[in-house]
Amino acid sequence: MSSPSVSELKSHTGFWLRFVSNHVSHAFARKLLDSGVTAAEWVVLRTIYDTDETTPSTLAEQTGLTRGAISKLIERLVVKKLVSRKEGNDDRRYQRIALTAAGRKLVPKLAAIADSNDQEFFNPLTAREQQTLVATLQKLVQAHDLHKLPTE
């Protein structure tokens with residue numbers, strides 16, 4: 001009786017994507033430690049950065065995270081005094097979220113850490129190879145209608 005053919009683990013494109021992604025993500029998380037912000041919090045802070053105010057539901061839509069996950073992240077960022085939360089006058093469920101001055105000052109510093117992390121990992125590729133890699137990944141995102149932003 002013959003055994004079924006089993007592909008090699010390292011023959012899978014997904015294996016290599018996950019391998020590199022894990023190393024990039026873990027290095028970024030380690031570099032964020034001194035800032036007191038997690039990668040998930042960084043995603044939320046960076047998303048808010050381009051607006052004056054936003055709502056939890058808009059953040060959930062923009063990041064692909066659940067409203068529950070966004071609520072927990074917002075709460076952590078409020079405790080850290082990086083975002084403010086204002087409740088609506090008539091409806092306490094309606095909230096406006098904004099960066100505090102400390103949050104607005106921190107985002108460019110975190111972006112520099114993200115830029116440095118990318119530089120460190122993708123520097124072995126030429127600029128053209130990096131552009132091709134990003135374009136290929138964006139093509140897969142579009143083809144599979146992916147929306148959730150990477151937060152871990």
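Which element gives the most residues to the lining of the largest pocket? In this predicted model, the answer is H1, with 11 residues in the lining. The pocket itself has a volume of about 1,800 Å³. It is lined by 35 residues, of which Ser21, Val24, Ser25, Leu137 and Pro150 are the closest to its centre. Four elements, H1, H2, H5 and H6, each supply two or more residues to the lining. By residue class, the lining comprises 20 nonpolar, 10 polar and five charged residues.

The largest nonpolar core was examined next. This core holds 25 residues. Trp42, Leu45 and Val83 have the most contacts inside it. Two or more residues come from each of helix H1 (13–32), helix H2 (39–49), helix H3 (56–63), helix H4 (67–79), strand S2 (95–99) and helix H5 (101–122). H2 makes the greatest contribution to this core, with seven residues.

H2 is largely enclosed by the rest of the structure, because nine of its 11 residues are buried. The buried residues of H2 are Ala39, Ala40, Glu41, Trp42, Val43, Val44, Leu45, Thr47 and Ile48. Their packing partners are H1, H3, H4, S1, S2 and H5. Trp42 illustrates this setting. With its neighbours within four places in sequence left aside, Trp42 is in contact with Phe28, Leu32, Val37, Val107, Leu110, Ala111 and Ala114.

Beyond H2, the chain enters a loop that leads to H3, and Asp50 is found there. Asp50 has a relative accessible area of 59% and is therefore exposed, the cut-off being over 50%. Asp50 and Ser116 are 66 residues apart in sequence. Their C-alpha atoms are 21 Å apart in space.

Asn117 offers a buried counterpart. This residue is placed in helix H5. Its relative accessibility is 2%, so Asn117 counts as buried, for which the limit is under 20%. Apart from neighbours within four places in sequence, the contacts of Asn117 are Val24, Ala27, Phe28 and Lys31. One of these contacts, Val24, is also among the residues closest to the centre of the largest pocket.

Helix H6 was checked for regular geometry. H6 covers residues 127–143 and has 17 residues. At 1.5 Å a residue it should span 24 Å. Its end C-alpha atoms are 24 Å apart, so the expected and modelled spans agree.

Backbone angles were then considered. Most residues other than glycine have a negative phi. Lys81 is not a glycine, yet its phi is positive, about 65 degrees. Lys81 lies in the loop between H4 and strand S1 (83–87). With a relative accessible area of 61%, Lys81 is exposed. Asp145 also is not a glycine and has a positive phi, of about 50 degrees. Asp145 belongs to the segment after H6. Asp145 is exposed as well, its relative accessible area being 53%.

In summary, H1 gives the most to the lining of the largest pocket, whereas H2 gives the most to the largest nonpolar core. H2 also contributes two or more residues to the pocket lining. H5 gives two or more residues to the core and two or more to the lining of the pocket.

Definitions and conventions:
Residues are numbered from 1 along each chain as its sequence is written. This is a predicted model: local features need pLDDT of at least 70, side-chain atom pairs count only at pLDDT 80 or more; totals for chains, interfaces and linings use all residues. Side-chain values use heavy atoms; hydrogens and water are left out. The expected span of a helix is 1.5 Å times one less than its number of residues. A nonpolar core is a set of buried Ala, Val, Leu, Ile, Met, Phe, Trp, Tyr and Cys residues joined through side-chain atoms within 4.5 Å. Buried means under 20% relative accessible area, exposed over 50%, partly exposed in between (1.4 Å probe, protein chains only). Contact means heavy atoms within 4.5 Å. On a 1 Å grid over the protein atoms alone, a cavity is a set of points where a 1.4 Å probe fits but cannot get out, and a pocket is an open set with protein on both sides within 12 Å along at least five of seven lines; lining residues have an atom within 4 Å of a point. Grid points are joined across faces, edges and corners, and a volume is the space filled by probe spheres set on the points. Ala, Val, Leu, Ile, Met, Phe, Trp, Tyr, Cys and Pro count as nonpolar, Asp, Glu, Lys and Arg as charged, and the others, Gly among them, as polar.
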